[in-house]
Amino acid sequence: MTRLLSRRTAVASLLCLSLAAAAQADSGYPARPIKLVVPASAGGEPDILARLVAHRMAADLGQPIVVDNKVGAGGLIGVASVASAKADGYTIGIVYQAVLALSPHLIAKKLFDPLADIAPIGLISVSGNALMVPAKSPIGSYAELVARAKASPGKLSFGSWGEGSAGHISGEIMKKAAGLDIQHIPYKGSNEALMGMLGGEIDAIFGGWGLASTQLKAGTVRVLAVTSPQPSPMFPGAPTFRELGIPFGLNSWYGLVAPRDLPAPVLKRLEGALRKAVGQPEIAAKLQDMGMQAQSSSAAQLGERIRGDHETWGRKIKEVGIEAR
């Protein structure tokens, strides 16, 4: 009995020492530079946003944050590299709604599980997508688009930034809800889709708020509707899908994540630094210029948003009949 008690005491002592060592290690975080994976090419929206936030977070954390662009599979390769990294806080990643909530439903070969393989850190911004037509178009409202589409089935067309993109699926949801026969024309990117529309190749496009806001100010487009749950102050008078009777409404968003099983003290440190960065007035101003609204959150709130959006996109993709490839 004495030997058994001695062994238990020894094991308990070792456990306490291990926990103390872990706590001490976490309290010293970060002790070296942090890598921030961007699942997109340099110069794009995710890259610009990542560098903007990294600069502020680095000042708070006292260590450099080095951006690492990993391109491929529509952003999935970059996020997969974060999911498979060591969970020590020295590899984090910027993510957006499509790469966690939409794209995984469209890829037959799963690179990671967006609900199990990552640790959410927090939100950076929210935005949405907009349905646009050229400013010179005879289509002045969503009602007029529906009327023209029903009068001439198969004649109208809309573009997006690619097959299976949020813009494409939003268009398919609109078509199904209103019983429309409108062709989808995929482009390599939003700017290409915009140029195609302004050049007369297509009648309408779905694009991000940044693109829509810039073109609206330039007088080149008219915004017919937005896909966000609430109206956007950036587009006064533009109704939401829900207001038009289309049962869909999601915000696009950006956030930071890390590998799963990230130690709680490290997660708390990163979450706090991100909140401080997003709360800076100059960050909010720059995000607004990019067509976004600064919005911070807790790690748990971002996790809830990922799960909710993942479920919604998965259900809608099945409803419109798009299959994984």
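A residue counts as buried when its relative accessible area is under 20%. Asp 47, at 4% relative accessibility, is therefore buried. The model described here is predicted. The points below cover its salt bridges, an open sheet of six strands, the covered helix H3 and the surroundings of Pro 239.

**Salt bridges**

- The count of salt bridges comes to 11.
- Asp 47 pairs with Arg 51 in one of them, with 3.0 Å between the closest N and O atoms.
- Both residues belong to helix H2 (residues 45–61), where a spacing of four residues puts them about one helical turn apart.
- An α-helix has 3.6 residues a turn, so residues three or four places apart point the same way.
- Whereas Asp 47 is buried at 4%, Arg 51 is partly exposed at 41% relative accessibility.
- Another salt bridge links the side chains of Arg 269 and Asp 60, with an N to O distance of 3.2 Å.
- Because Arg 269 sits in helix H9 and Asp 60 in helix H2, this pair ties together parts that are 209 residues apart in sequence.
- Arg 269 is partly exposed at 30% relative accessibility, and Asp 60 is partly exposed at 24%.
- In helix H11 (residues 299–319), Arg 315 and Glu 311 are four residues apart, about one turn of the helix. Their side chains form a salt bridge at 2.7 Å, N to O.
- Arg 315 has a relative accessible area of 36% and is partly exposed; Glu 311, at 44%, is partly exposed.
- Lys 35, Asp 68 and Lys 70 are joined into one network by salt bridges that share partners.

**Sheet and helix H9**

- The strand order of the open sheet is S2-S1-S3-S10-S4-S11, and its pairing is mixed.
- Strands S2 (65–69) and S11 (293–294) are the edges, each pairing on one side only.
- S1 and S2 run parallel and are joined by five bridges. Ile 34 has Ile 65 in S2 as its bridge partner.
- Helix H9 (residues 264–278) lies across S1, S3, S4, S10 and S11, at about 10 degrees to S4.

**Helix H3**

- Six of the eight residues of helix H3 (residues 76–83) are buried: Leu 76, Gly 78, Val 79, Ala 80, Val 82 and Ala 83.
- Their cover includes strands S1 (34–38), S3 (91–96), S4 (118–127) and S10 (252–259), along with helix H4 (97–102).

**Pro 239**

- Pro 239 is in the loop between strand S9 (221–226) and S10.
- Leaving aside residues up to four places away in sequence, Pro 239 touches Leu 224, Ala 225, Val 226 and Leu 244.
- The C-alpha atoms of Pro 239 and Thr 227 are 8.8 Å apart, with 12 residues separating the two along the chain.

Conventions:
Residues are numbered from 1 along each chain as its sequence is written. This is a predicted model: local features need pLDDT of at least 70, side-chain atom pairs count only at pLDDT 80 or more; totals for chains, interfaces and linings use all residues. Side-chain values use heavy atoms; hydrogens and water are left out. Buried means under 20% relative accessible area, exposed over 50%, partly exposed in between (1.4 Å probe, protein chains only). Helices (H or I, at least four residues) and strands (E, at least two) are DSSP runs, numbered from the N terminus. Contact means heavy atoms within 4.5 Å. Two strands pair if DSSP finds at least two bridges between them. Axes are lines fitted to C-alpha atoms, for helices over the stretch in contact, and angles run from 0 to 180 degrees between N-to-C directions. A salt bridge is a side-chain nitrogen of Lys or Arg within 4 Å of a carboxyl oxygen of Asp or Glu.
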